[in-house]
Amino acid sequence: MPRILVVAPNWIGDALMAQPLLARLHEKTPGVQIDVLAPEWVAPVVRRMPEVEDVIAVPFRHKALQLRARWKIARELKGRGYDEAIVLPNTWKSALVPFLARIPLRRGYVGESRYALLNRLYKKTGEAMPLHYARLAEPPGAQAEEPLPAPRLRADPQEIEAAKRRFGIHGRYGVFCPGAEYGPAKRWPYFPELSRRLQSQTVILGSPNDREAAQGILGRSLVGETTLDEAIALIAGADHVVTNDSGLMHIAAALGRPQVALFGSSSPRHTPPLSPAARVIWLGVECSPCFERKCPLGHFRCMREMAVESVLEEIQNLPA
């Protein structure tokens with residue numbers, strides 16, 4: 001059967017927006033085996049994708065070449081007999097392992113002068129990220145057929161209950177994800193006020209880097225205390241989820257949880273939560289999206305003018 005190696009993006013959200021590509025590959029070639037080479041912090045998400053046969057978690061650091069480590073991984077993969085590789089990141093170093101493993105067909109977008117490393121090149125067209133990735137299932141120049149398959153992650157009820165018991169969570173609850181790894185321009189500042197307005201039990205999730213963003217929010221704060229797998233399980237058991245544009249937003253969408261997604265400096269047209277249960281709030285002020293980590297104009301209107309009342313109304317109108 002055909003065997004494909006996919007080199008995953010370095011961000012959790014991007015990895016989930018690439019999942020429709022994996023589903024499309026299965027549609028086109030029934031029986032295909034897809035393995036994913038993923039950074040260690042992305043691997044827990046990829047392991048939950050039903051389209052993936054095996055996940056090779058690698059300790060490659062952001063912006064680090066680590067040539068010896070890549071050579072070692074390539075030697076290990078060489079004997080697996082991959083027919084092709086699809087490289088999702090745009091960097092030169094991300095294409096090294098498939099090249100060194102001598103995988104015969106290597107697809108990816110033009111970027112960082114990697115013409116020698118890839119032998120089927122695609123040009124970027126500026127579409128939404130799920131379509132951007134899904135085009136790699138087609139010949140260069142062809143468009144991906146829409147609608148795309150939706151991302152979906154596995155989380156079983158026993159896992160959800162175990163996570164709730166571990167952290168002492170009883171009954172029904174909602175989840176707040178106030179952080180955004182990319183930068184403060186993606187973080188809505190009124191989560192504390194929203195928590196005071198809600199009557200339901202609230203669980204706050206995020207990485208250790210999100211502790212400042214979580215300050216003042218009423219509820220059970222587990223920021224920096226859970227593994228990614230535990231956070232996924234808790235999101236899977238939530239009545240509703242409120243997030244910024246972040247990896248946890250895409251996880252909630254892939255789990256099908258009712259959610260309100262808040263966009264500021266980024267755009268829901270570019271990185272949307274792919275779920276019919278998601279509601280998006282984006283003010284679309286004249287300077288948005290700027291895609292900056294911090295507001296370059298200093299006023300932060302795209303988030304500061306997003307009223308608590310509007311978020312509360314969307315939560316109340318979410319599907320059950």
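Let's start where two helices meet. In α7, the residues making contact are Glu159, Ile160, Ala163, Lys164 and Arg166. On the α10 side, they meet Asp229, Glu230, Ala233, Leu234 and Ala236. By class, this contact has five nonpolar residues, five charged residues and no polar ones. Keep in mind that this is a predicted model.

Now the geometry. Helix α7 covers residues 157–166, and helix α10 covers residues 228–236. Their axes are 8 Å apart, and the packing angle is about 105°. Angles of 65 to 115 degrees count as roughly perpendicular, so α7 is roughly perpendicular to α10.

Next, the core. In soluble globular proteins, nonpolar side chains tend to be buried together. Here the largest nonpolar core has 55 residues. Which residues have the most contacts inside it? They are Val45, Val175, Leu205, Ile235 and Ile251. Helix α10 comes up again: it gives the most to this core, with seven residues.

Take Val45 as an example. Setting aside residues up to four places away in sequence, Val45 touches Ile12, Leu16 and Leu153. Val45 also touches Leu228, Ile232 and Ile251. Another core lies apart from the largest one. That other core has 23 residues, including Phe176, Leu194, Val285 and Val311.

On to helix α11, residues 247–254. Seven of its eight residues are buried, so the rest of the structure largely encloses α11. The buried ones are Leu248, Met249, His250, Ile251, Ala252, Ala253 and Ala254. What covers them? The cover includes helices α1, α3 and α10. It also includes strands β7, β10 and β11. After α11 comes Gly256, with a positive phi near 75°.

Strand β10 is part of that cover, and one residue in β10 deserves a look: Asn244. Is Asn244 buried or exposed? Its relative accessibility is 0%, so Asn244 counts as buried. Its contacts, leaving aside neighbours within four places in sequence, include Cys177, Pro178, Gly179 and Ala180. Lys186, Arg187, Trp188 and Phe191 are also among them. So are Met249, Leu262 and Met303. For scale, Asn244 and Ile204 are 40 residues apart in sequence, and their C-alpha atoms are 13 Å apart.

A second buried residue is Thr202, in strand β8, residues 202–204. Thr202 has a relative accessible area of 5%, which is why it counts as buried. Beyond residues up to four places away in sequence, Thr202 touches Gly174, Phe176, Leu218, Gly219 and Arg220.

Back towards the N terminus for helix α2, residues 19–28. This helix is mostly covered, with seven of its 10 residues buried. Those seven are Gln19, Pro20, Leu21, Leu22, Ala23, Arg24 and Leu25. Among the elements covering them are strands β1, β2 and β4. Helices α1 and α6 are also included.

Last topic: charges. How many salt bridges does the structure hold? There are 17. I'll pick out three.

One is Arg80 with Asp35, where the closest N and O atoms are 3.4 Å apart. This pair links distant parts of the chain, 45 residues apart. Arg80 sits in the loop between α4 and β4, and Asp35 sits in strand β2. Arg80 counts as partly exposed because its relative accessibility is 27%. Asp35 counts as buried because its relative accessibility is 0%.

Another joins the side chains of Arg107 and Glu84, at 2.8 Å, N to O. It also links distant parts of the chain: Arg107 is in strand β5, Glu84 is in strand β4, and they are 23 residues apart. Both Arg107 and Glu84 are buried.

Then there is Arg135 with Glu127, with the closest N and O atoms 3.5 Å apart. Arg135 and Glu127 are both buried. Which residues do shared salt-bridge partners join into one network? Arg3, Asp35, Asp54 and Arg80.

Methods. Residues numbered from 1 in each chain as written. Predicted model: local features only at pLDDT ≥ 70, side-chain atom pairs only at ≥ 80, totals over all residues. Heavy atoms only, no water. Axes fitted to C-alpha atoms, helices over the stretch in contact; angles between N-to-C directions. Helix = DSSP H or I, 4+ residues; strand = E, 2+ residues; numbered from the N terminus. Parallel < 35°, antiparallel > 145°, perpendicular 65-115°, else oblique. Contact = heavy atoms within 4.5 Å. Nonpolar A, V, L, I, M, F, W, Y, C, P; charged D, E, K, R; others polar. Core = buried A, V, L, I, M, F, W, Y, C linked by side-chain atoms within 4.5 Å. Buried < 20%, exposed > 50% of the residue type's maximum accessible area, 1.4 Å probe, protein only. Salt bridge = Lys/Arg side-chain N within 4 Å of Asp/Glu carboxyl O.
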